There are 2 protein chains.
Amino acid sequence: VSAPLEPVRREADHLRILDQRELPERLVHLRCRGVEEVAEAIRTLAVRGAPAIGIAAAYGVSLAADNAARAGEDVRSAARAASDLLETTRPTAVNLFYALKRMRRVLDDGGSDAEDLPRALRAEADAVLAEDLATGEAIARHGLSVFPESGEVSVLTHCNAGGLATGGWGTALAPIYAAHASGRRVAVFADETRPLLQGSRLTAWELHHAGIPVTVLVDGASASLLGRRRVDLVIVGADRIAANGDTANKIGTYAVALAAREAGIPFYVAAPISTFDLATARGADIPIEERGPEEVLAGRGAPGAAAYNPAFDVTPARLIAGWITERGVLRPPFPELAEQKAD
Amino acid sequence: VSAPLEPVRREADHLRILDQRELPERLVHLRCRGVEEVAEAIRTLAVRGAPAIGIAAAYGVSLAADNAARAGEDVRSAARAASDLLETTRPTAVNLFYALKRMRRVLDDGGSDAEDLPRALRAEADAVLAEDLATGEAIARHGLSVFPESGEVSVLTHCNAGGLATGGWGTALAPIYAAHASGRRVAVFADETRPLLQGSRLTAWELHHAGIPVTVLVDGASASLLGRRRVDLVIVGADRIAANGDTANKIGTYAVALAAREAGIPFYVAAPISTFDLATARGADIPIEERGPEEVLAGRGAPGAAAYNPAFDVTPARLIAGWITERGVLRPPFPELAEQKAD
């Protein structure tokens with residue numbers, strides 16, 4: 001089965017990125033021919049979602065290596081500079097650092113000479129994408145295990161942890177795609193997710209595109225929706241998961257988790273293992289990106305008002321029923337990840 | 001001291017309504033010469049906020065009586081028809097029904113003949129406004145009693161329960177105006193309040209206009225702001241308060257209350273006594289207005305998506321530290337209101 005979407009794909013001489021800033025009005029692809037364009041695409045949210053950022057960053061390094069080889073420049077130092085640049089684009093998404101670490105490992109491998117290096121980097125970036133697609137399928141499979149056994153299922157999600165946010169399957173939306181594909185009736189409530197409206201723009205677009213019924217609500221409405229028990233479960237994505245399970249995700253997630261707990265509705269996080277950052281002990285240690293006030297005030301904000309615009313919040317582990325990963329539904333202290341910790 | 005704002009004022013031959021749909025870009029006043037225009041102004045949110053709606057409705061009945069008298073038509077039946085029309089405009093705001101009940105009482109008073117009636121109705125509408133202004137000043141005074149004793153105070157609010165929502169002082173914002181006027185340093189965090197952005201458009205506009213520092217945040221960010229204990233207290237308004245204290249207010253209020261409870265930050269409701277509806281036992285009995293999907297999807301919603309758009313939610317009484325009214329800071333079972341109950 002092919003993935004429902006292709007948000008980031010390498011072409012012969014460029015990286016093709018589905019420009020998510022233009023959705024849902026227009027389906028536009030960027031053609032990034034150099035690492036600067038990839039970094040700009042990440043920084044300006046043309047590509048967003050932690051796994052998709054990681055994939056784009058890996059290809060950004062590969063692209064820089066290819067370009068250096070073509071120009072007869074030093075491939076290794078060009079690729080290293082590309083990795084340095086990409087590291088500065090978004091501070092919270094751990095997948096970015098994970099993908100770049102993989103690329104650096106190839107770079108640091110003395111076995112590759114300058115001629116082999118571009119090919120080895122390209123293979124590694126391809127592997128980051130292929131593994132993400134396999135991960136999405138596995139998350140879908142494990143996610144289905146937390147659905148009610150039969151009947152129509154209603155799921156609330158926040159932001160966009162869908163195909164667009166990954167190699168193509170998504171994390172939070174992957175089990176929904178799988179349920180729909182198996183013929184099960186599934187309906188989704190999507191928080192619009194201010195300030196950038198990833199819910200009403202992206203989640204609603206990709207689910208509607210796939211023929212799955214989707215209802216958008218303002219972020220402030222999800223607490224009362226949960227209070228009225230109009231949904232069976234909540235699934236959200238994650239940008240970084242600390243060793244104790246505290247989970248950073250799009251601003252507004254914490255409020256949804258509090259309301260779900262109050263209503264007795266299970267709240268799940270779906271994320272690849274690469275989102276776990278076992279070197280970070282607690283949520284309080286996760287750096288939270290604060291973005292510019294114009295995102296909040298653009299449109300109709302009162303002139304003269306200030307704005308506070310954190311991009312993420314941290315949901316404490318105690319509010320989370322389970323972490324749906326490619327290795328199953330995990331719970332702290334995540335013994336399945338002991339190997340990664342030692343790594 | 002005059003009120004900081006004049007959102008609804010009767011002029012010689014019309015009702016002057018500050019058109020809140022045009023804020024913050026333009027300060028425009030509607031001149032409503034008949035009850036149909038007043039009803040339209042209420043229905044389309046040109047005037048909004050439960051007390052301001054009540055004032056506008058009272059003047060709408062008075063205006064209909066004046067017009068009928070001028071045209072030589074039956075004043076009593078014209079005023080009754082006006083009241084019937086106004087009752088259909090907004091289903092949740094109890095102040096609307098309270099104000100119209102007062103006008104009907106004047107209408108039903110056999111003592112007034114057709115000549116006296118317009119004057120009596122005008123006097124009653126003037127009384128509704130004057131009492132609201134006195135109420136605002138009293139709420140300000142009692143509200144100050146829940147502020148920390150000294151130092152700068154930081155208050156979070158949701159939607160707009162300010163001067164614009166009332167005769168001119170506001171409810172949730174009244175203590176803030178009073179604190180500022182007394183020279184105390186006070187800063188406000190205002191939830192933007194989707195879908196209609198009453199926070200970033202109206203609360204931010206009127207506080208900035210009054211010289212009070214205001215910081216806007218998306219609704220999803222207030223839970224983490226509270227979790228980080230960046231505010232001293234929360235004050236919100238109310239659209240209807242049930243006998244047990246369950247409080248209907250703008251959608252998103254319930255999520256703020258849950259987060260405040262979790263952080264141990266006191267959450268207050270500020271509202272005139274007229275907002276209490278002792279005939280409604282519990283929050284579950286309060287009818288919740290559902291508005292059209294276009295308010296949520298306008299702008300950048302994905303084509304084909306549905307929307308769920310309740311205008312209000314209900315915050316259970318157990319999450320509320322106190323109800324700041326013109327008679328003091330009350331708590332259930334509200335013995336101070338026993339007289340009203342018998343009424």
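**Aromatic pairs: exercises**

At 2% relative accessibility, A:Trp323 counts as buried (under 20% relative accessible area, with over 50% being exposed and in between partly exposed; 1.4 Å probe, protein chains only). A quick note before you start: this is a predicted model, where local features need pLDDT of at least 70, side-chain atom pairs count only at pLDDT 80 or more, and totals for chains, interfaces and linings use all residues. Residues are numbered from 1 along each chain as written, chains are lettered from A and ligands numbered from 1 in the order written, and side-chain values use heavy atoms, leaving out hydrogens and water.

**Exercise 1.** Classify the pair of A:Phe189 and B:Tyr308, then place both residues.

*Solution.* Start with the rule: rings of Phe, Tyr and Trp (its six-membered ring) pair if their centres lie within 6.5 Å, and planes under 30 degrees apart are stacked, over 60 edge-to-face, the rest tilted. Here the centres are 6.3 Å apart and the planes sit at 70°, so the pair is edge-to-face. Next, the location: A:Phe189 is in strand β5 of chain A, while B:Tyr308 is in the loop between β12 and β13 of chain B, so the pair crosses between chains (strands are DSSP runs of E, at least two residues, numbered from the N terminus). Finally, burial: both residues are buried.

**Exercise 2.** Work out how A:Trp323 and A:Phe334 are arranged.

*Solution.* With 5.3 Å centre to centre and 85° between the planes, they're edge-to-face. A:Phe334, at 2% relative accessibility, is buried. Add A:Phe276 and you've got one aromatic cluster with A:Trp323 and A:Phe334.

Technical notes
Helix = DSSP H or I, 4+ residues; strand = E, 2+ residues; numbered from the N terminus.
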